[in-house]
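Biologist: Before we discuss the fold, could the structure be shown alongside its sequence?

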Amino acid sequence: MPEGDTVYRTATNLNTALAGKTVVRCDIRVPAFATVDVTGEVIHDVVSHGKHLLMRIGELTIHSHLKMEGSWHLYRDGTRWRRPEWQARAIIVTDDWTAVGFQLGLLEVVPTADEHSVVGYLGPDLLGPTWDAAEAERRLTADPSRTVGLALLDQRNLAGLGNVYRNELCFLRGILPTRPIGEVPDVARLVDLAHRLIDANKDRVDRTTTGTLRGATDWVNRRDGKPCLRCGTRIERGTLGDDELTLRDIYWCPTCQT
Ligand SMILES: [Zn+2]
C-alpha cells in the first residue's frame with residue numbers, strides 16, 4: 001500500500017500537468033458516478049490529504065484512494081499505457097495530457113464544498129500546509145492502551161503513514177510496535193520524527209529511512225531473518241491488527257527495540 005509520500009508526489013505531478021487546464025474528455029468507470037461529466041470545466045488543482053487524492057474540477061472534487069493496487073498515470077497523446085485499459089477507473093483528458101486512474105481502491109465524486117464529508121475525519125496531514133504536531137500527539141495518546149503500531153497507522157490520528165513508516169519509526173525510536181502508546185516515553189519526539197522522515201522522502205522516487213539509497217534503505221521493514229544494521233541481531237517478523245482490515249506485517253529488532 002502506498003505511503004503518504006507517494007500520494008503527495010502523485011498529486012504534485014498531476015497538479016503540475018493539469019492545473020488551470022480545461023477538460024476535453026472525461027470517463028468515470030464506476031457505476032455510481034458513470035454519468036458524471038466534467039467536460040468543459042477547468043481543473044483547479046490536485047492535492048493530497050494524507051493518503052487521499054483530491055482532484056478539483058469545476059464545482060466538483062474527484063476523491064480517490066490508491067489502496068493496495070491503485071495508481072494515477074499521466075500520458076501524452078498517443079503514448080501506450082503502462083497498465084491494461086480494463087484497469088482504468090477514471091480518465092481525464094486535457095489538450096496535452098491524459099490522466100488515468102488505474103484500479104483505484106476508492107473513487108467517488110462529491111461537490112468540492114462537501115469535501116469535509118470524505119476527508120474531514122482524518123487527523124493532521126503530515127505533508128499538508130496545516131500540519132499540527134500537537135494535535136497529532138493528542139490524538140495518538142487519547143487511548144493509552146492502544147499499541148503504538150496500530151495508533152501510527154490509524155489515519156484519524158495523523159494522516160499519511162503506511163506500514164513501512166510505522167515499522168521504521170518504531171525501530172528508530174527503539175520501541176516495539178506492540179507496546180501500548182501510553183508507555184512510549186516521548187510521543188512528541190515520535191511525531192516529530194514521523195514528520196521529518198516523510199517530509200525528507202516526499203520528493204524522492206526511492207524512499208529511504210536509513211539515509212542512504214545505496215544498500216539497505218530500510219532498517220527493519222521486510223528485512224526479517226537478516227542481521228540488524230545496528231547490532232547484528234536477527235530481525236523478526238510478525239503481524240499486528242485489531243481485525244482483518246488493519247492486519248499488517250510488523251518487523252522489529254528484539255535487541256534494539258523494547
Ligand atoms: Zn538491533
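The exchange below concerns a predicted model and takes up its sheets, a helix pair and a tryptophan.

Biologist: In the open sheet of four strands with the order β2-β3-β4-β8, which strands stand at the edges?

Modeller: The pairing in this sheet is antiparallel, and the twist averages 20° from one strand to the next. An edge strand has a single partner, so one side of it is left without a neighbour in the sheet. The strands that fit this description are β2 (43-49) and β8 (106-111).

Biologist: Over how many bridges do β2 and β3 pair?

Modeller: Strand β3 spans residues 52-57. Among the bridge partners, aspartate 45 is matched with arginine 56, and histidine 49 with histidine 52. The antiparallel pairing of β2 with β3 extends over six bridges.

Biologist: Which residue takes a positive phi in the hairpin of β2 and β3?

Modeller: Two residues lie between the strands of this hairpin. A positive phi, near 60°, is found at glycine 50.

Biologist: Is β2 largely enclosed by the rest of the structure, or largely open?

Modeller: A residue counts as buried when 20 or more other C-beta atoms lie within 10 Å of its own. Five of the seven residues of β2 are buried. On that count, β2 is therefore largely enclosed.

Biologist: What angle does helix α1 make with the direction of β2?

Modeller: Helix α1, residues 4-18, packs on the sheet and touches both β2 and β3. Helix α1 also lies across β5 and β7 (98-102), where its angle to β5 is about 30°. With the direction of β2, the angle is about 170°.

Biologist: Which are the edge strands of the open sheet with the order β1-β6-β7-β5?

Modeller: This sheet of four strands also shows antiparallel pairing, with a twist that averages 15° from one strand to the next. β1 pairs with strand β6 (residues 88-93) over four bridges, one of which joins arginine 25 to valine 93. Pairing on one side only marks the edge strands, β1 (25-28) and β5 (71-75).

Biologist: Are the axes of α5 and α6 parallel or oblique?

Modeller: The axes of helix α5 (residues 163-172) and helix α6 (residues 187-201) come within 10 Å and cross at roughly 125°. The crossing is right-handed. Because of that angle, α5 counts as oblique to α6.

Biologist: How many residues of the contact of α5 with α6 are nonpolar?

Modeller: From α5, the contact draws on Tyr165, Leu169 and Leu172. They meet Leu190, Leu193, Ala194, Leu197 and Ile198 of α6. With no polar and no charged residues in the contact, the nonpolar count is eight.

Biologist: Which elements are included in what covers the buried residues of α5?

Modeller: Nine of the ten residues of α5 are buried, so the helix is largely enclosed by the rest of the structure. Among the buried residues are Arg166, Asn167 and Glu168. The covering elements include α4 (148-153), α6 and β10.

Biologist: Is tryptophan 252 buried or exposed?

Modeller: Tryptophan 252 lies in strand β10 (residues 248-252). Leaving aside neighbours within four places in sequence, its contacts include Cys170, Phe171 and Val220. With 26 other C-beta atoms within 10 Å, tryptophan 252 is buried.

Biologist: What distance separates the C-alpha atoms of tryptophan 252 and alanine 99?

Modeller: Along the chain, tryptophan 252 and alanine 99 are 153 residues apart. In space, the separation of their C-alpha atoms is 39 Å.

Notes:
Residues are numbered from 1 along each chain as its sequence is written. This is a predicted model: local features need pLDDT of at least 70, side-chain atom pairs count only at pLDDT 80 or more; totals for chains, interfaces and linings use all residues. Two strands pair if DSSP finds at least two bridges between them. Axes are lines fitted to C-alpha atoms, for helices over the stretch in contact, and angles run from 0 to 180 degrees between N-to-C directions. Two residues are in contact if their C-beta atoms, placed from the backbone, lie within 7 Å. A residue is buried if 20 or more other C-beta atoms lie within 10 Å of its own, exposed if 12 or fewer, and partly exposed in between; C-beta atoms are placed from the backbone. Angles under 35 degrees count as roughly parallel, over 145 as roughly antiparallel, 65 to 115 as roughly perpendicular and the rest as oblique. A crossing is left-handed if the near helix is turned anticlockwise from the far one by less than a right angle, and right-handed if clockwise. Ala, Val, Leu, Ile, Met, Phe, Trp, Tyr, Cys and Pro count as nonpolar, Asp, Glu, Lys and Arg as charged, and the others, Gly among them, as polar.
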